[in-house]
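Subject: Structure handover

Hello,

Here is the structure for you to take over. Please look it through first; my notes come after it.

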Amino acid sequence: MMLADGNGDFARKLGLEFDLAQAGMGTRSKRYSMIVDDGVVKSLNVEDKPGVNVSGAETVLSQL
């Protein structure tokens, strides 16, 4: 299942938000993927540089 976080509440509570207001983009969510099994986070892949390096489909599939 894939879920949206339109208001950024989930990202904020996880500490995965960052401020791009100076670029005119407001508060955004960092790019990440997460595997959750029965309410337990099994894997959290947070990008630390531009692009899709650790949060992409290939990584997620390898972690399943």
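The notes below go from the overall layout to the pockets, and then to single residues and their contacts.

**Overall layout**

Please keep in mind that this is a predicted model. The protein has two helices and four strands. Their order along the sequence is α-β-β-β-β-α, with H1 covering residues 9–14 and H2 covering 57–63. Along the principal axes, the C-alpha trace spans about 40 × 25 × 15 Å. The protein has 64 residues, and 16% of them are buried.

**Largest pocket**

The largest pocket holds about 690 Å³ of space. It is lined by 15 residues, and those closest to its centre are Met1, Met2, Leu3, Tyr32 and Met34. Which element gives the most to this lining? That is strand E3 (residues 32–37), with five residues. By residue class, the lining of the largest pocket has eleven nonpolar residues, three charged and one polar.

**Second largest pocket**

The second largest pocket has a volume of about 150 Å³. Its lining consists of Phe18, Ser29, Lys30, Arg31, Glu47, Asp48, Lys49, Pro50 and Gly51. Five of these lining residues are charged, two are polar and two are nonpolar.

Two of the lining residues can be placed relative to each other. Phe18 belongs to strand E1 (residues 17–19). Phe18 and Lys30 are twelve residues apart in sequence, while their C-alpha atoms are 6.6 Å apart in space. Phe18 counts as partly exposed because its relative accessibility is 33%, which falls between the limits of 20% and 50%.

**Glu47**

Glu47, also in the lining of the second largest pocket, sits in the loop that runs between strand E4 (40–46) and helix H2 (57–63). Does its environment make it buried or exposed, and which side chain of opposite charge is nearest? Glu47 is buried and has no salt bridge. The nearest side chain of opposite charge is that of Arg31, 5.7 Å away. A salt bridge here requires a nitrogen to oxygen distance within 4 Å, so the pair does not qualify. What the side chain of Glu47 does reach is the backbone nitrogen of Val54, at 2.7 Å.

**Salt bridges**

How many salt bridges does the model contain? The count is two, and Arg12 takes part in each of them.

- Arg12 pairs with Asp9, with 2.8 Å between the closest N and O atoms. Both residues lie in helix H1, three residues apart, or about one turn of the helix.
- Arg12 also pairs with Glu17, where the closest N and O atoms are 3.2 Å apart.

Through these shared partners, Asp9, Arg12 and Glu17 are joined into one network. Each member of the network is classed as partly exposed because its relative accessible area lies between 20% and 50%: Arg12 is at 40%, Asp9 at 38% and Glu17 at 31%.

**Asn45**

Asn45 lies in strand E4. Its relative accessibility is 8%, so Asn45 counts as buried, the limit being under 20%. The side chain of Asn45 makes polar contacts with two other side chains: that of Ser43 at 3.3 Å, and that of Gln63 at 3.0 Å.

**Asp38**

One backbone angle should be noted. Most residues other than glycine have a negative phi. Asp38 is not a glycine, yet its phi is positive, at about 55 degrees. Where in the chain is Asp38 found? Asp38 is in the loop between E3 and E4. With a relative accessibility of 77%, Asp38 counts as exposed, since the limit for that class is over 50%.

**In short**

The points to carry forward are these:

- a largest pocket of about 690 Å³, with a lining that includes eleven nonpolar residues;
- a second largest pocket of about 150 Å³, with five charged residues in its lining;
- a buried Glu47 without a salt bridge;
- a network of Asp9, Arg12 and Glu17 joined by salt bridges;
- a positive phi at Asp38.

Regards

Technical notes: Residues numbered from 1 in each chain as written. Predicted model: local features only at pLDDT ≥ 70, side-chain atom pairs only at ≥ 80, totals over all residues. Heavy atoms only, no water. 1 Å grid on protein atoms, 1.4 Å probe; cavity = no way out; pocket = protein on both sides within 12 Å on 5 of 7 lines; lining within 4 Å. Points joined across faces, edges and corners; volume = space filled by probe spheres on them. Nonpolar A, V, L, I, M, F, W, Y, C, P; charged D, E, K, R; others polar. Buried < 20%, exposed > 50% of the residue type's maximum accessible area, 1.4 Å probe, protein only. Lys, Arg positive; Asp, Glu negative; His and termini not counted. Polar contact = N/O pair within 3.5 Å; in protein donor to acceptor, adjacent residues only side chain to side chain.
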